[in-house]
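User: I should like to learn how to read the features of a structural model, beginning with a single residue and working outwards. Please give the general idea each time, and then the case at hand.

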Amino acid sequence: VAHTMQSFPIFCKWNRRLYKELYVAHSSDRLTFNPEENWYENQIGFFCHYIIPLSRKMQTCGVFGTTGNVFEYFATQNKKRWMEEGEMISENIIRDVKEEVE
């Protein structure tokens with residue numbers, strides 16, 4: 001989950017790699033759901049229900065000292081940017097991974 005609280009290019013890089021891992025697993029019947037379905041929307045849900053609350057807990061507990069607020073900042077910025085650009089990014093990831101794997 002660390003990639004969700006880093007820069008947007010890092011988030012996208014690891015998001016693509018996660019999608020590919022899940023796609024390959026689904027293609028070989030090792031995953032029951034198809035990651036292609038709702039990829040864009042599921043990322044938003046992941047930010048809202050897991051990543052942003054986690055980043056706030058990390059800041060509150062103080063384990064990272066004064067840099068704790070950076071995680072929430074990147075998480076919220078990445079969610080915002082994903083909501084703006086994520087549909088197109090998702091389409092590109094899905095298309096590219098299919099071409100690469102098949």
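Analyst: Let us begin with one side chain. Arg16 has a relative accessible area of 25% and is therefore partly exposed, since that class lies between the 20% and 50% limits. Please bear in mind that the model is predicted.

User: With which residue do the side chains of Arg16 meet in a salt bridge?

Analyst: A salt bridge is assigned by distance, with a nitrogen of Lys or Arg within 4 Å of a carboxyl oxygen of Asp or Glu. Here the partner of Arg16 is Glu100, with an N to O distance of 2.6 Å. The pair joins distant parts of the chain, as Glu100 belongs to helix α3 (residues 68-101) and Arg16 to helix α1, 84 residues apart.

User: What else forms a salt bridge with Glu100?

Analyst: Lys20 does, and the closest N and O atoms of that pair are 2.3 Å apart. This pair likewise links distant parts of the chain, with Glu100 in helix α3 and Lys20 in helix α1, 80 residues apart. Arg16, Lys20 and Glu100 are thus linked in a network of salt bridges. Glu100 is partly exposed at 44% relative accessible area, and Lys20 is partly exposed at 28%.

User: How many salt bridges does the count come to?

Analyst: The count comes to six. One of them lies within a helix: Glu85 and Arg81 meet at 2.8 Å, N to O. Both residues are in helix α3, four residues apart, which is about one turn of the helix. Glu85 has a relative accessible area of 31% and is partly exposed; Arg81, at 35%, is also partly exposed.

User: Is Ser55 buried or exposed?

Analyst: For such a question one compares the relative accessible area with a limit, and a residue under 20% is called buried. Ser55 has a value of 0% and is therefore buried. The residue sits in helix α2. Apart from neighbours within four places in sequence, Ser55 is in contact with Met5, Phe71, Glu72 and Ala75.

User: Which contacts does Ile51 make, leaving aside its neighbours within four places in sequence?

Analyst: Ile51 is in contact with Val1, Thr4, Met5, Phe46 and Ala75. Ile51 is also part of helix α2, and its relative accessibility of 0% makes it buried. A C-alpha separation is read in another way: Ile51 and Phe11 are 40 residues apart along the chain, and their C-alpha atoms are 12 Å apart.

User: Where does Val1 lie, and is it partly exposed or buried?

Analyst: Val1 is in the segment before α1 (8-27), and with a relative accessible area of 47% it is partly exposed. Together with Phe46 and Tyr50, Val1 makes a nonpolar surface patch of about 260 Å².

User: How should the whole protein be read?

Analyst: One begins with the secondary structure. The protein has three helices and zero strands, in the order α-α-α along the sequence. Its C-alpha trace spans about 45 × 25 × 20 Å along the principal axes. Of the 102 residues, 32% are buried. Among contacts with a separation of 6 or more, 69% are between residues 24 or more positions apart. The accessible surface is about 6,500 Å², and carbon and sulfur atoms account for 54% of it. Finally, the mean positions of the 12 positive and 14 negative charges are 8 Å apart.

Conventions: Residues numbered from 1 in each chain as written. Predicted model: local features only at pLDDT ≥ 70, side-chain atom pairs only at ≥ 80, totals over all residues. Heavy atoms only, no water. Helix = DSSP H or I, 4+ residues; strand = E, 2+ residues; numbered from the N terminus. Buried < 20%, exposed > 50% of the residue type's maximum accessible area, 1.4 Å probe, protein only. Contact = heavy atoms within 4.5 Å. Areas by Shrake-Rupley, 256 points an atom, 1.4 Å probe, with all protein chains shown as cover. Lys, Arg positive; Asp, Glu negative; His and termini not counted. Charge placed at Lys NZ, Arg CZ, Asp CG, Glu CD. Patch = residues over 30% accessible without salt bridge, like charges linked within 9 Å, V, L, I, M, F, W, Y side chains within 5 Å.
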